[in-house]
Amino acid sequence: DEPSTQAFLLACLTAGGGITGYARTGSVPSIAAGVTVGALYALGGLRQRNRQPYGVELALLASVVLAGSSVPRAIKTMKPLPIGLSVVAAFGLYRFGTLWNSRVLS
């Protein structure tokens, strides 16, 4: 199922990014945020795959959290990493927001 696969991919990207940030700089906030957002995406993907409720909502929540932390930093610093995270967040917001909206309206 495509949305769950996309959620798992975003989980790997965000968790992997947090782990990489910690390995490179020793940043505990990087690993905490990356693994937390990655876990939200993974749980959302798992719930979507098993046709359980709130899978799309969890993935959408992960995207909102990621956007809330990365977009302001991207605007302020114009550095590649926050910009890349903002792109990942924007993709998640679009993908899971569209799914959520289509379910609410139907």
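## Exercises on a four-helix chain

Along the sequence, this chain reads α-α-α-α. The model is predicted: local features need pLDDT of at least 70, side-chain atom pairs count only at pLDDT 80 or more, and totals for chains, interfaces and linings use all residues. Residues are numbered from 1 along each chain as its sequence is written, and side-chain values use heavy atoms, without hydrogens and water.

**Exercise 1.** State how many helices and strands the chain has.

*Solution.* Start with the rule. Helices are DSSP runs of H or I with at least four residues; strands are runs of E with at least two; both are numbered from the N terminus. Now count. The chain has four helices and zero strands.

**Exercise 2.** Compare the chain's radius of gyration with that of a compact globule.

*Solution.* Take the radius over C-alpha atoms. The globule rule is 2.2 Å times the number of residues to the power 0.38. For 106 residues this gives a value near 13 Å. The chain has 14 Å, which agrees. Then look at the extents: the C-alpha trace spans about 45 × 25 × 15 Å along its principal axes.

**Exercise 3.** Place Glu 2 in the chain and decide: buried or exposed?

*Solution.* First, locate the residue. Glu 2 lies in helix H1, residues 2–25. Next, recall the classes: buried is under 20% relative accessible area, exposed is over 50%, and partly exposed is in between (1.4 Å probe, protein chains only). Glu 2 has 51% relative accessibility, so it counts as exposed. Finally, check a distance. Gly 17 is 15 residues from Glu 2 along the chain, and their C-alpha atoms are 22 Å apart.
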